[in-house]
Amino acid sequence: MTTTPSDPQSRTRQVGLPWSALLALGTAVFITSLTETLPAGVLPEISASLGTSSGATGQAVTVYAAGTALTAIPLATATASVPRKPLLLGAMAVFLVANTLTAVAPGYTVMLAGRFLAGVAAGLAWAILAGYARRIAPAGLEGRAIAVAMTGIPVALSLGVPAGTLIGEQVGWRAAFGAVSLVTLAVIGWISVSVPGVGQPAREKADANRSDLGRESAKSPLRQTLAVPGVVAIMVTVTTFVLGHTIMYAYIAPYLQHAGLGSATDAVLLVFGAACLVSIWYVGRHVDRRLRVLMVIGALLFTFATAALAVTTTHAIVWVAAVLWGLGWGGAPTLLQTAAGQAGMRRSSAAADTAQAVLVTLWNAAMTLGGMIGGLLLQSSGVTAVAMSAAALGAVSLLIVGKCYSPSVLSSPVATTAHQSSQVCS
């Protein structure tokens, strides 16, 4: 795509990281992450208000994840020719409506409908947010831009959910969701003012890749994306890594109770969250030069930490494991989304966005499946089996990263040759 000096993307590349735009995107990430997990913090209040059991109310999280997982890929494919800025604004507008519907829901069914709609909007937003951050960043700093945008995830978990829970306890769960709607409205205005527009990814690089696209025209956009070397390996890593993390994280409270640290659950999670923030900071500074190395280190730290939790409940080791787990996990969203976008960009921007949509779908599916598998393991075999399963999945992720990711490709997101691309497992 040819740019001119007046093109917003060209101006962005002249002045460095567009901080206001990236922070706006990061706040959008924060809102979607917060909304997904907020019901867990106000579960008793929702149950009492709607007259439902805790188990039924807990499906508010499942329905949200289902809405994201079921629609991310179809929506990303269907909107590949739509300019990114109005598409993102539209997704956030739907998100605003969905959260408001949840806040004013007169009954359980309407509440679930609002949650599903929010999940659909979040799926579309997530499918384009990382790609948007990458495309407005200066050349060579795409990974750092994604890291800034993805900071919204740990902030939502470490600060947003506790704040939402406090609002729910003091004012009511409806006020908590209403507050999210107000923040969403502000972010829509922020994006409108600060985020530069970018074109239709399906049309970018069309001339440069015309012969290649001609050969692949019979394939669907999804099949074209999955055929790009490296994409399948990255998606398998997403599935195993997120599945392992969720199996352990969803049932960390029972584990800590078993270890005699039940009263310190909040403190352990705070230490974990702080380590995640350190990881995101470090990954953001180095992802553009050391992507593969950081992915190996992250998988290694996660595997070592969960293996330690599986073999001992010694308090000092549990605390250290929480730190190592956070260091290994915190940068994972940035690393995996950078890798997916980098692999997809070898074909086109549209393929990169489709790869992000596949990642979002698998991420949410792994979260849902992880909660189910972890619960079954906890009931049948206890907390040790939960930790061992998480460690085994971490080891699989480590193996895939170590064997299937080419150092020459993942060491730098700068344009690679077809020969280099072929070195990545497909």
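A residue counts as buried when its relative accessible area is under 20%, as exposed when that area is over 50%, and as partly exposed in between. The exercises below use this definition on a predicted model.

**Exercise 1. Overall make-up**

Task: State how many helices and strands the protein has, and what percentage of its residues count as buried.

Solution:
- Step 1. The secondary structure consists of 21 helices and 0 strands.
- Step 2. The protein has 426 residues, and 55% of them count as buried.
- Step 3. The accessible surface comes to about 16700 Å², and carbon and sulfur atoms account for 69% of that area.
- Step 4. Take the contacts between residues at least 6 apart in sequence: 84% of these join residues at least 24 apart.

**Exercise 2. The largest nonpolar core**

Task: Find which residues touch the most other members of the largest nonpolar core, and which helix gives the largest share of this core.

Solution:
- Step 1. The largest nonpolar core has 59 residues, and Leu22, Leu25 and Leu88 touch the most other members.
- Step 2. Several helices give two or more residues to this core, among them helix 2 (19-41), helix 5 (84-103) and helix 6 (108-135).
- Step 3. Helix 6 provides the largest share, with 13 residues.
- Step 4. Now look at Leu88. Leaving aside neighbours within four places in sequence, Leu88 is in contact with Leu25, Ala125, Ile128, Leu129, Tyr132 and Ile191.
- Step 5. There is also a second, separate core of 56 residues, which includes Met235, Leu291, Met295 and Leu324.

**Exercise 3. Two aromatic pairs**

Task: Classify the ring pair Trp173 and Phe177 from the angle between the planes, then do the same for Trp329 and Trp363.

Solution:
- Step 1. The structure holds 9 aromatic pairs.
- Step 2. In the pair Trp173 and Phe177, the ring centres are 6.0 Å apart and the planes stand at 85°, so the pair is edge-to-face.
- Step 3. Trp173 and Phe177 both lie in helix 9, 4 residues apart, which is about one turn of the helix. Both residues are buried.
- Step 4. For Trp329 and Trp363, the distance is 5.7 Å centre to centre and the angle between the planes is 45°; this pair is tilted.
- Step 5. The pair of Trp329 and Trp363 links distant parts of the chain: Trp329 is in helix 16 and Trp363 in helix 18 (residues 349-381), 34 residues apart.
- Step 6. Trp329 has 9% relative accessibility, so Trp329 counts as buried. Trp363 has 14%, so Trp363 counts as buried too.

**Exercise 4. A ring cluster and Phe302**

Task: Name the residues that ring pairs link into a cluster with Phe302, and decide whether Phe302 is buried or exposed.

Solution:
- Step 1. Ring pairs link Phe241, Tyr249, Phe272, Phe302, Trp325, Trp329 and Trp363 into a cluster.
- Step 2. Phe302 is found in helix 15 (residues 291-311).
- Step 3. The relative accessible area of Phe302 is 0%, so Phe302 is buried.
- Step 4. Without its neighbours within four places in sequence, Phe302 is in contact with Phe241, Gly244, His245, Trp325, Ala390 and Gly394.
- Step 5. Phe302 and Val323 are 21 residues apart in sequence, and their C-alpha atoms are 9.9 Å apart in space.

**Exercise 5. A nonpolar surface patch**

Task: List the residues of the nonpolar surface patch of about 440 Å² and say which helix gives the largest share.

Solution:
- Step 1. The patch is made by Val278, Trp281, Tyr282, Val323 and Leu327.
- Step 2. Helix 14 (265-286) and helix 16 (315-329) each supply at least two residues of the patch.
- Step 3. Helix 14 gives the largest share, 3 residues.
- Step 4. Tyr282 is found in helix 14. Its relative accessible area is 36%, so Tyr282 is partly exposed.

**Exercise 6. Sorting two more residues**

Task: Decide whether Ile167 and Leu376 are buried, partly exposed or exposed.

Solution:
- Step 1. Ile167 is in helix 8. The relative accessible area of Ile167 is 31%, so Ile167 is partly exposed.
- Step 2. Not counting residues up to four places away in sequence, Ile167 touches Gly172, Ala175, Ala176 and Ala179.
- Step 3. Leu376 is in helix 18. The value for Leu376 is 58%, so Leu376 is exposed.
- Step 4. Leu376 and Val386 are 10 residues apart in sequence and 9.1 Å apart in space, C-alpha to C-alpha.

Technical notes:
Residues are numbered from 1 along each chain as its sequence is written. This is a predicted model: local features need pLDDT of at least 70, side-chain atom pairs count only at pLDDT 80 or more; totals for chains, interfaces and linings use all residues. Side-chain values use heavy atoms; hydrogens and water are left out. A nonpolar core is a set of buried Ala, Val, Leu, Ile, Met, Phe, Trp, Tyr and Cys residues joined through side-chain atoms within 4.5 Å. Buried means under 20% relative accessible area, exposed over 50%, partly exposed in between (1.4 Å probe, protein chains only). Contact means heavy atoms within 4.5 Å. Patches are made of residues with over 30% relative accessible area and no salt bridge: like charges are joined within 9 Å, nonpolar side chains (Val, Leu, Ile, Met, Phe, Trp, Tyr) within 5 Å. Accessible areas come from the Shrake-Rupley method with a 1.4 Å probe; for residues, only the protein chains shown count as cover. A salt bridge is a side-chain nitrogen of Lys or Arg within 4 Å of a carboxyl oxygen of Asp or Glu. Rings of Phe, Tyr and Trp (its six-membered ring) pair if their centres lie within 6.5 Å; planes under 30 degrees apart count as stacked, over 60 as edge-to-face and the rest as tilted.
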